[in-house]
Amino acid sequence: MSDTGMKWYVLRTISGQEHKTKTYIEKDMAHAGMSDLVGRVVIPMEKVVQVRNGKKVIKEKTRTPGYMYVEAVLSGEVSHMIKNLPNVVGFLSNVKGGTKAAPAAAATAIPHRLRHDRHLLIAAAIHAPAR
């Protein structure tokens with residue numbers, strides 16, 4: 001978590017539309033002049049090794065389909081703008097049916113975990129056993 005007051009939130013999206021949603025968030029926040037209130041938008045990905053026609057093919061898949069992490073200051077119009085973007089279902093909250101977004105429980109661990117997982121997944125993809 002940075003000293004600018006940004007916190008990590010889990011954003012629910014339509015499954016398979018995570019990359020489009022990330023682009024919408026980045027473009028709309030920049031267009032509205034609010035890009036300083038939204039930090040990183042992260043889609044957890046993993047590399048999967050598949051064998052097709054006897055060849056190894058490395059493919060990236062979304063680790064948690066329908067979910068992404070957004071680092072932001074959810075004050076004023078920011079949460080309203082993000083929730084009203086196409087393909088966005090809403091923020092994950094602590095209460096069922098809740099309208100207020102809750103910061104991710106392990107917010108301080110998210111950036112470290114993403115860096116750590118990325119290195120492990122790349123190593124696993126390189127050293128995957130042949131089938």
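What pattern of helices and strands does the chain follow when read along the sequence? Going from one end to the other, the pattern is β-α-β-β-β-β-α-β-α. That comes to three helices and six strands, where helices (H or I, at least four residues) and strands (E, at least two) are DSSP runs numbered from the N terminus.

A quick word on what you're looking at. This is a predicted model, so local features need pLDDT of at least 70 and side-chain atom pairs count only at pLDDT 80 or more, while totals for chains, interfaces and linings use all residues. Residues are numbered from 1 along each chain as its sequence is written, and side-chain values use heavy atoms, with hydrogens and water left out.

Let's start with the sheet. Four strands make an open sheet in the order β2-β5-β1-β6, with antiparallel pairing; two strands pair if DSSP finds at least two bridges between them. The edges belong to β2 and β6, each of which has a single partner strand, so one side of each is left without a neighbour in the sheet. From one strand to the next, the twist averages 30°. Zoom in on β2 and β5 and you'll find antiparallel pairing over three bridges. Val38, for instance, has Ala72 in β5 as its bridge partner.

Now for the helix lying across this sheet. Helix α1 (residues 18-31) lies across β1 (7-13), β2, β5 and β6, and runs at about 20° to β5. For that angle, axes are lines fitted to C-alpha atoms, for helices over the stretch in contact, and angles run from 0 to 180 degrees between N-to-C directions. Contact here means heavy atoms within 4.5 Å.

Next up is the hairpin of β3 and β4. β3 (45-52) and β4 (55-62) are joined by the loop that holds Asn53, and the two strands pair in the antiparallel sense over eight bridges. Two residues sit between the strands of this hairpin, and Asn53 takes a positive phi near 55° there, although Asn53 is not a glycine. With a relative accessibility of 81%, Asn53 counts as exposed (buried is under 20% relative accessible area, exposed over 50%, partly exposed in between, with a 1.4 Å probe and protein chains only).

Asn87 makes a nice counterpart. Its phi is also positive, near 75°, in a residue other than glycine, and Asn87 is found in the loop between α2 (77-83) and β6 (88-91). Is Asn87 buried or exposed? At 18% relative accessibility, Asn87 counts as buried.

Back to the strands, this time for their charges. How many salt bridges does the structure hold? There are two, a salt bridge being a side-chain nitrogen of Lys or Arg within 4 Å of a carboxyl oxygen of Asp or Glu. One of them belongs to the hairpin: the side chains of Lys47 and Glu60 meet at 3.1 Å, N to O. This pair links distant parts of the chain, with Lys47 in strand β3 and Glu60 in strand β4, 13 residues apart. Lys47 also stands opposite Glu60 in the strand pairing. Lys47 is partly exposed at 30% relative accessible area, and Glu60 is partly exposed at 46%.

In the other salt bridge, the side chains of Arg40 and Glu71 meet at 3.3 Å, N to O. Here Arg40 comes from strand β2 (residues 38-42) and Glu71 from strand β5 (residues 67-72), 31 residues apart. Arg40 counts as partly exposed at 41% relative accessibility, whereas Glu71 counts as buried at 5%.

One more stop: Pro103, in the loop between β6 and α3 (110-126). Which residues does Pro103 touch, not counting residues up to four places away in sequence? They are Lys7, Trp8 and Tyr9. Trp8 lies 95 residues from Pro103 along the chain, and their C-alpha atoms are separated by 5.6 Å. Pro103 itself is partly exposed, with a relative accessible area of 37%.

Finally, step back to the whole chain. Among contacts with a separation of 6 or more, residues 24 or more positions apart account for 73%. Of the 131 residues, 31% count as buried. The chain exposes about 8,600 Å², with carbon and sulfur atoms supplying 53% of it; accessible areas come from the Shrake-Rupley method with a 1.4 Å probe, and for residues only the protein chains shown count as cover.
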